[in-house]
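Please open the structure in your viewer and keep the selection panel at hand. This tour goes from stop to stop, saying what to select next and what is to be found there.

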Amino acid sequence: MSLVPLPRLIVEPLVRAALLEDLGLAGDITSASVVPSDHRSTVVMAARQPGVIAGLDAADLAFTLVDPEIVMRRHIEDGDAVKSGDVIATVEGPSRGLLTGERTALNFLGHLSGIATVTAGIAAAISGTKAFVACTRKTTPGLRALEKYAVRAGGGMNHRFALYDAVLIKDNHVAISGGVAEAIRRARAGVGHLVKIEVEVDRLDQLQEAMAVGVDAVLLDNMTPDQLREAVAIVAGRAITEASGRVTPATAAAIAASGVDLISVGWLTHSAPVLDIGLDFVEADGAAQTSTK
């Protein structure tokens with residue numbers, strides 16, 4: 001799958017909001033008072049640990065929205081793997097602007113690269129099977145589009161983006177409806193013919209009930225690999241099978257080997273560790289001087 005970049009009209013408001021949070025009503029009072037207005041610098045953004053990069057558009061905007069004279073030259077692209085020490089981008093321009101945009105740029109780039117990195121780890125663990133790794137709606141409020149993009153950069157797939165683009169009947173919906181089949185019937189009567197319907201089940205008898213009335217996808221929640229294999233046999237290709245729960249890099253391979261189509265993992269977006277990326281000022285002799293900011 002090719003990685004399609006997010007439109008600027010989606011990314012820019014998020015970066016603007018982050019900059020406004022940092023600048024407040026007075027701006028960067030440290031850089032404004034310490035750094036001469038005509039001072040210019042060259043900096044490099046470099047990986048301090050191995051991983052997969054995502055978020056370069058957001059990082060670029062964090063600098064150029066502060067000062068349009070800043071230019072960021074990329075040495076790699078989103079979705080590329082890096083080793084510790086690899087230079088990701090070179091950024092040149094007025095020093096005040098570089099310092100003002102630095103933290104926002106690194107916050108976006110480190111967070112999104114962290115998501116891409118853990119996604120790539122799961123994708124590698126299940127390579128050789130037909131399963132794909134997918135994310136969920138367990139995202140940081142306001143950053144869902146960027147975080148789901150980072151999952152794609154890491155080789156994963158996106159589940160539904162929001163409540164409006166697909167039906168996902170979960171355990172509480174089933175409880176209120178009085179059963180799996182009744183919940184599916186109500187959903188089918190309430191949405192258009194192009195809307196996909198998925199139902200969550202955690203027992204095989206619930207799965208049998210769902211397949212009796214027909215459904216587009218089944219979310220097999222917290223099942224063991226043996227139960228998943230049995231569930232895949234029951235479905236027999238009549239619906240998409242999605243496993244969820246207890247997924248780690250250590251368990252992903254066994255889950256994928258059960259024959260499911262998808263493995264959804266909430267912690268890809270809600271708990272991925274930040275990828276350590278630094279911004280280093282280049283001295284006149286070409287050497288890099290590590291920033292302590």
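**A helix with a kink**

Helix α4 has a kink of about 40 degrees, and Glu102 is the residue on which this kink is centred. Before going further, please keep in mind that the model on your screen is a predicted one. To see the helix as a whole, select residues 95-125, which make up α4, and look at its two ends, whose C-alpha atoms are 43 Å apart. With 31 residues at 1.5 Å a residue, the helix should span 45 Å, so the expected span and the distance in the model agree. If you now show the rest of the chain around the helix, you can see that α4 is largely enclosed by the rest of the structure, because 22 of its 31 residues are buried.

**Two annotated domains**

Next, colour residues 28-113, where UniProt, in an unreviewed entry, places the feature "domain: Quinolinate phosphoribosyl transferase N-terminal". Over this stretch the chain is 40% helix and 28% strand, with the end C-alpha atoms 26 Å apart. Then give another colour to residues 115-280, which the UniProt annotation "domain: Quinolinate phosphoribosyl transferase C-terminal", also from an unreviewed entry, covers. Here the chain is 42% helix and 17% strand, and the C-alpha atoms at the ends lie 23 Å apart.

**A pair of strands**

Select strand β1, residues 40-47, together with β12, and you will find that the two pair in the antiparallel sense over 5 bridges. One place to zoom in is Val44, whose bridge partner in β12 is Asp280. Strand β12 itself, at residues 277-282, is mostly covered, since 5 of its 6 residues are buried.

**The open sheet**

Now turn to the open sheet of 6 strands, which you can follow in the order β6-β11-β10-β9-β8-β7, with parallel pairing. Which strands stand at the edges of this sheet? They are β6 (132-134) and β7 (167-169), and each has a single partner strand, so that one side of each is left without a neighbour in the sheet. As you move across the sheet, the twist averages 25 degrees from one strand to the next. At the β6 edge, select strand β11, residues 262-264, which runs parallel to β6 and is joined to it by 3 bridges. Within this pairing, Val133 stands opposite Ile263 in β11.

**A polar contact in β8**

For the next stop, select Glu200, which is found in strand β8, residues 197-201. Is Glu200 buried or exposed? With a relative accessible area of 10%, Glu200 is buried, and its side chain is joined to that of Lys170 by a polar contact of 3.0 Å.

**Two residues with positive phi**

Most residues other than glycine have a negative phi, and the last two stops are worth viewing with that in mind. Select Asn222, in the loop between β9 (217-221) and α9 (225-235); although Asn222 is not a glycine, its phi is positive, at about 55 degrees. This residue is partly exposed, with a relative accessible area of 33%. Finally, move to Ala236, which lies in the loop between α9 and β10 (240-244). Ala236 is likewise a residue other than glycine with a positive phi, near 50 degrees, and at 55% relative accessibility it counts as exposed, because that value is over 50%.

Note on methods:
Residues are numbered from 1 along each chain as its sequence is written. This is a predicted model: local features need pLDDT of at least 70, side-chain atom pairs count only at pLDDT 80 or more; totals for chains, interfaces and linings use all residues. Side-chain values use heavy atoms; hydrogens and water are left out. UniProt positions are given in the numbering used here, feature names are shortened, and annotations may be inferred rather than shown by experiment. Helices (H or I, at least four residues) and strands (E, at least two) are DSSP runs, numbered from the N terminus. Two strands pair if DSSP finds at least two bridges between them. Axes are lines fitted to C-alpha atoms, for helices over the stretch in contact, and angles run from 0 to 180 degrees between N-to-C directions. The expected span of a helix is 1.5 Å times one less than its number of residues. The bend at a residue is the angle between axes fitted to the seven residues ending there and the seven starting there. Buried means under 20% relative accessible area, exposed over 50%, partly exposed in between (1.4 Å probe, protein chains only). A polar contact is a pair of N or O atoms within 3.5 Å; within protein, one must be able to donate a hydrogen and the other to accept it, and residues adjacent in sequence count only if both atoms are side-chain atoms.
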